[in-house]
Amino acid sequence: MNFNEKVFVTCIDATAAPLRSAAVGLMACGLILVSGDLAQAQTQTCQNSYSGQQVVQCQNSVDTLSVFGTLLDAKNAALVAANLQKIIEIYTTSTPEEKNLATINAQGPFVPNYVSGNIWAMVPGASASSISARAYASELPPLVYNLLNDVLSTTYVGQAKDAYAPVDVYGNAYGLYPTTYESIPGDPRPFLVSGEIYNNPWNTTEPGPFPTIPSGEACQQACEWSANASEPSFPSGHTEAGYTTGLLYAVLMPQYYQDLVAAAQDFGYSRNILGVHYPLDIIGGRIIATYNLVQWLSGAYSGSFASEMTIAAEEMQAQLGAAAGAVPYAACASNVVGCMAAGVFPTAAQFTLANQTMVSNLTYDLPYVGSQTDAPIVPENAYLLLQSRFPYLSADQINDVIASTELPSGVPLDDHKTGWARLNLYAAAGGYGAFTHDVTVTMNASSGGFDAIDVWSNNISGPGGLTKLGDGVLILGGDNTYTGGTKVGGGTLALTGSMVGDLSISAGATFLSSGGFIVAQGAKLTNDGTFQSVNASFTSHGAIHNRGTLVSDITNSGLLTNNGTIAGDLTNTGTLKGTGILIGNLASTGVVAPGNSIGTTQVTGSVTFGPGSVYQVEVAANGASDLLVAGGPITLGGTLEFVQTEAAVQPFTSYTILSSATGITGSFGAVVDPFGTAFPFLDVALTNTGTSLSAAVVPDSAAFASFNGTGNQRAVGDALASLPITNGLLQSASLLSAAAAPAAFDLLSGQIYASAATVLQQQSTYVRDAVGARLRQASGPGLAGDPATAALAPGWTPTLWAQAYGGWGSTDASANTAELSRSIGGVVGGIDTTLGDTWRVGLAGGYSQSNYSLDALSSSGGADSYDLSAYAGARFGDLALRFGAAYGWHDLSANRTVVLPGFANALSADYSGNTAQAFGEIAYGLASGPTRIEPFAALSYLQLDLDGFTETGGPAALTSAAQTQDNTFTTLGVRAIQSVALGSGLLTARGSLAWQYAFGELNPQATLAFASGSTPFTVTGAPLGRNAALIGVALDYRASSALSVGVAYSGAVSDVGQDHAVSGRLSLSF
């Protein structure tokens, strides 16, 4: 064969004396191999040994190790150097026991019975020892030996050695150490390149035993060195035979799967102990053995192999019996709790250590090459190696197991294409390593074996979740971090490691935990089956919804809704609610809220409400409320908090909220009533009978008295607080919400009676204005709204006059009072006469009808008023004096509507009052051409008296004491008049502008009381304006000396409201 190999050296280590040192120096400098046609050489090697289809099979097997042919690339320098250092380390630190085992394993690697015996001898346990003895004695079923022999006959290891030896990776990388051996091939053995190995040979002091081989005929280390010196080191044929044997038995007897994989790895490790193989040789032997067995299982080499394996497995199981053939922990299937309590299952730490140790063994901790983060690659048909191990998983699921447990990319001899170097069958036999998506497994106990009970020992990560179905038992033994949640739909899922995320347990299903499951904050446990902690308490920071049975002492800082049964003591710092039963004691410094709305919680033991605790009770109508019933004593403390449901709470209803068979002691430090802003005027009173605690709903007089509203509302609250609790008005008011109370208190206030004083005060001006206008008209040229006059007879000075008017106005709402609207219509007439040249005196009378309302308070009123006035005026040149006095009688009526929860009153009252006023002004007239201007100052005093009354119409009726109010008003202003001829008549325009200021109490008050028996309260009505602008305009037309007509407007705009009036005049002279 012409391989046309060339080696280029990029630097030279001139100081390296030993050949090996020089060669390693070349690797460090960057030795590069250029292969002419390595693939062609591999093909030629297989063609020289086989024909037909086996040539292809040989080529494919040899090609699984193709990465080895590239190891002289500079990027692999660290790996190649570490490979040699590792074998030296293993060889020089091996123990006598390891050396003896290596000697035993060196015998008969391709003899089915002997290699079988050696592999089984390394599997722990009495059953495995028995199988080993049977194997050595060729007592296993013959079909087993035949199948193993078939696979061992197609190892293709020799062809792989021939294919890669010309590249001579080890020779080029390490050089040769001077030895006595001749005919050294490419890829020389470790003892041929290392002085540390070659110069330290060993012999076992007590070799063996070597079953079926006389001790003297066993090939020990010296023999091994001599026999292998002329053979290439890569790959290891012994390892290929050991792995083939171990994996074949693992498929036949999956209950020993991981132990057999470990034994196969130890078998290869023995070749390192002997100094005849490097770590890379062992890895290569494992890869090619695994590949070839998969080809057999897939039918690529024999169509009948898979079915014969099934028969062989049945024969082995039958021969070995139930004890040797049982799956691990089979005895625990019917008593998982007992096994967990006894510590039968390894801990998560032990599982993790075992997995880490196997990774170290598989890789020898050699440097990785290339990317370590490539996506997983599952070799074709590799799932066949694990089908018997996972009879309840599909082929796709087994591929997911393989992908999630494989070694990272870049491990030694990883080709980044096929995945054979990455296989970690030890980890894969422990179940999933990650859930990349949601996984559902169905295990039927009736199928026996792993369907009845299985253990997944890996630390499972990933975003997916697990759904366990069927009546079998699955145990999660690792520290799991997958985040997709766990659902137990049937059978038993046991956790001996740890787990995060949501957990759901269906009815009839069971979840067992040895303390590794905590409901984290934001997570949820939903239990309709059975949840049980074994040898541990259970902690929850999230949400628990229990409708099944929960067997554990519990520490809860989240939300625990128990509508099932909890067997164990509960320490609650979160919230406990539901209608279930706690078989144990309850100690709470959190919230206990029986029921899911209104409901009962039962506790068979004691109940302690500690400092900071809240006992939260929902209450509804007709005595329905939450209840906690305890078999043991109840110790009170913390806060009792009532919560109202949507059903209305009835006043004076009694609720039983706690019951104890053995007694209730202590007291709640605070009681928060159930009403809040919904019913702020209700309170509860507690009664402890010794074995029960009840709460009665009563009106909260303190809440009425302390109501923080307007002045009027506070006054009403004080009055309500004084009513007896049997009062119907009080009962209805007690059901007011915080939002409705202000408006309701205003409705109750009777503000209309205080506001009536403002109406009468404001409208008293119409009498003053009419008298004043008459005096101005009579004392000189008319100025502003003069009434029409007529002499009774020629030469007789007494004169009659009359004026009709109508007005409307309003007072703005304030923080304490509602908006007041008012209107009036009336007439004033009088008679006067002169006294000498200076004075005029007269009498006037009038009638008016007023209407007023507080629409926001559903209140209205009216007044019929009768007025009598005396007046006088004098003129001294341009100076005029005008004054008068008036007295008015008022017949008043009022109507109010009060609507409260379950309560409506239509209320009314009739009462009387009177008004006395005195007024006067001084004015000075100025002429300016056709215009006359008159500045003036006015003063008026008014006293109003209103009689007491009692309303009729219902319990909200008010009674009032007599009411008195007096005020003084000053006015400063100016008037102007100008006339122009229009046709045969005279058109006169008038105007006035003035500022009015009010003295005295501007906010009228009425002292009222509820007629049913409250204390008196004072309510304030709509106010008078302190400052007001007075405006008047008029237009008159005198058609003849006997007839004139006119129209006038007057207005008053104050800081709190406004009034407007319009009058029409008709004057006839006789």
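Hi everyone, let's start in the strands: strand 41 and strand 43 (residues 931–946) run antiparallel, with 11 bridges joining them. If you want one pair to click on, take N914, whose bridge partner in strand 43 is D945. Please keep in mind that this is a predicted model.

Now to the other neighbour of our strand. Strand 41 covers residues 903–924, and it pairs with strand 40 (residues 879–900) over 22 bridges, again in the antiparallel sense. Here A894 stands opposite A909 in strand 41. Strands 40 and 41 make a hairpin with 2 residues between them. For those of you who like backbone torsions, G902 sits in that turn with a positive phi of about 70°.

Let's zoom out to the whole chain. There are three domains: domain 1 (77–323), domain 2 (434–702) and domain 3 (744–1069). Between the centres of domain 1 and domain 3, taken over C-alpha atoms, there are 125 Å.

So what about the interior? The largest nonpolar core has 195 residues, and W456, L628 and L658 have the most contacts inside it. Helix 16 (residues 279–298) gives the largest share of this core, 11 residues. Where does this core lie? Domain 1 (77–323) and domain 2 (434–702) both supply residues, so the core lies between them. Take L628 as a viewpoint: beyond its neighbours within four places in sequence, its contacts include L586, V603, F609, Y615, I657 and L658. There is also a second, separate core, with 53 residues, and among them are Y753, A754, A757 and L946.

Finally, the disulfides. How many does the structure hold? The count is 3.

One joins C46 to C58, with an S to S distance of 2.0 Å. The torsion about that S-S bond is about -70°, so this disulfide is left-handed. C46 lies in helix 2 (residues 38–49) and C58 in helix 3 (residues 53–63), so the pair ties together parts that are 12 residues apart in sequence. C46 is buried at 0% relative accessibility, and C58 is buried at 0% too.

Next come C219 and C223, with sulfur atoms 1.8 Å apart. Their S-S torsion is about -105°, so this one is left-handed. Buried or partly exposed: which is C223? At 37% relative accessibility, C223 counts as partly exposed, while C219, at 14%, counts as buried.

That leaves C332 and C339, joined at 2.0 Å from S to S. With a torsion of about -95°, their disulfide is left-handed. C332 is buried at 4%, and C339 is buried at 11%.

Thanks, everyone!

Definitions and conventions: Residues are numbered from 1 along each chain as its sequence is written. This is a predicted model: local features need pLDDT of at least 70, side-chain atom pairs count only at pLDDT 80 or more; totals for chains, interfaces and linings use all residues. Side-chain values use heavy atoms; hydrogens and water are left out. Domain bounds come from an automatic or database domain assignment. Two strands pair if DSSP finds at least two bridges between them. Helices (H or I, at least four residues) and strands (E, at least two) are DSSP runs, numbered from the N terminus. A nonpolar core is a set of buried Ala, Val, Leu, Ile, Met, Phe, Trp, Tyr and Cys residues joined through side-chain atoms within 4.5 Å. Buried means under 20% relative accessible area, exposed over 50%, partly exposed in between (1.4 Å probe, protein chains only). Contact means heavy atoms within 4.5 Å. A disulfide is a pair of cysteine sulfur atoms within 2.5 Å.
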